[in-house]
Amino acid sequence: QPHLKLPEQKDNLYVDKHIDKYEPTIIIEDKQFVHNVNQPVRKQFQAEPRTHLEIRDCQTELSGEKLQKIRVSPQVIDFNNLFIKSVSSKSWGIKNDLRENILVRLEGQTVELQGTPARPQVIPSGQVGVFEVVFQSFRLQSFQGYMKYIINEQHEFFFKVTAEVEP
């Protein structure tokens, strides 16, 4: 009888499906989501859920574990130097790495950000929603404010907006 030599084991065994009582090893790839704020808003998703599944998904309260699968970029939008009364816009992105749809909307927290469109978006699984953030100031200032984003009308978060307004 021939005796075959087996190669040495170099990697652990990873499984994708449950085998009896054993859980699969989860490999988490922590890829950073980076959105270019100067990218114009080309495509927007529908403003409200339409199907039964979308309605159910968008009314669901999300656990902390699920909220961690929703990534935003950037955390700070800097409009840099702007002239007084000028209107400037940048874009902000949110990536849905969940298996379900989410409903997202923005709310300007200051007068300078009130020009931001209030239209919500139903962001499908695995997609990136892009929102326009509009800034306008009628006074000289070194601006620091916050934009609120709301997920499924239940979870409120903020990102920072800065600008230097000049004459």
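A cavity, in the sense used on this tour, is a set of grid points where a 1.4 Å probe fits but cannot get out, and its lining residues are those with an atom within 4 Å of such a point. The model on screen is a predicted one, and that should be kept in mind at each stop.

**The whole chain**

Begin with the full chain in a cartoon view, where the secondary structure comes to 2 helices and 8 strands. Followed along the sequence, these elements give the pattern α-α-β-β-β-β-β-β-β-β. If you colour the 167 residues by accessibility, the buried ones make up 35% of the chain. Among contacts with a separation of 6 or more, 69% are between residues 24 or more positions apart.

**The open sheet**

Next, select residues 70-73, 87-96 and 128-136, which are strand 1, strand 3 and strand 6. Together they form an open sheet of 3 strands in the order 1-3-6, with antiparallel pairing. Strand 1 and strand 6 stand at the edges with a single partner strand each, so one side of each is left without a neighbour in the sheet. Looking across the sheet, you should find a twist that averages 25° from one strand to the next.

Now keep strand 3 and strand 6 in view and hide the rest, since 9 bridges join this antiparallel pair. One place to zoom in is glycine 93, whose bridge partner in strand 6 is valine 130.

**From valine 130 to glutamine 121**

With valine 130 centred, show the side chain of glutamine 121, a polar atom of which lies 2.9 Å from the backbone oxygen of valine 130. Glutamine 121 belongs to strand 5, which covers residues 121-123. Is glutamine 121 buried or exposed? Its relative accessible area is 0%, and glutamine 121 therefore counts as buried, the cut-off being under 20%.

To see what surrounds glutamine 121, display the residues in contact with it, leaving aside neighbours within four places in sequence: these are Gln44, Phe45, Gln46, Ile102, Leu103, Val104, Gly129, Val130 and Phe131.

**The cavity**

For the last stop, keep Gln44 and Phe131 selected, as both belong to the lining of the largest cavity. Add Leu106, Thr116, Pro117, Arg119 and Glu132 to complete that lining. The volume enclosed here is about 30 Å³, and a search of the whole structure finds 1 cavity of 30 Å³ or more. Gln44 and Phe131 thus link the last two stops, being listed among the contacts of glutamine 121 and also in the cavity lining.

Technical notes
Residues are numbered from 1 along each chain as its sequence is written. This is a predicted model: local features need pLDDT of at least 70, side-chain atom pairs count only at pLDDT 80 or more; totals for chains, interfaces and linings use all residues. Side-chain values use heavy atoms; hydrogens and water are left out. Two strands pair if DSSP finds at least two bridges between them. Helices (H or I, at least four residues) and strands (E, at least two) are DSSP runs, numbered from the N terminus. Axes are lines fitted to C-alpha atoms, for helices over the stretch in contact, and angles run from 0 to 180 degrees between N-to-C directions. Buried means under 20% relative accessible area, exposed over 50%, partly exposed in between (1.4 Å probe, protein chains only). A polar contact is a pair of N or O atoms within 3.5 Å; within protein, one must be able to donate a hydrogen and the other to accept it, and residues adjacent in sequence count only if both atoms are side-chain atoms. Contact means heavy atoms within 4.5 Å. On a 1 Å grid over the protein atoms alone, a cavity is a set of points where a 1.4 Å probe fits but cannot get out, and a pocket is an open set with protein on both sides within 12 Å along at least five of seven lines; lining residues have an atom within 4 Å of a point. Grid points are joined across faces, edges and corners, and a volume is the space filled by probe spheres set on the points.
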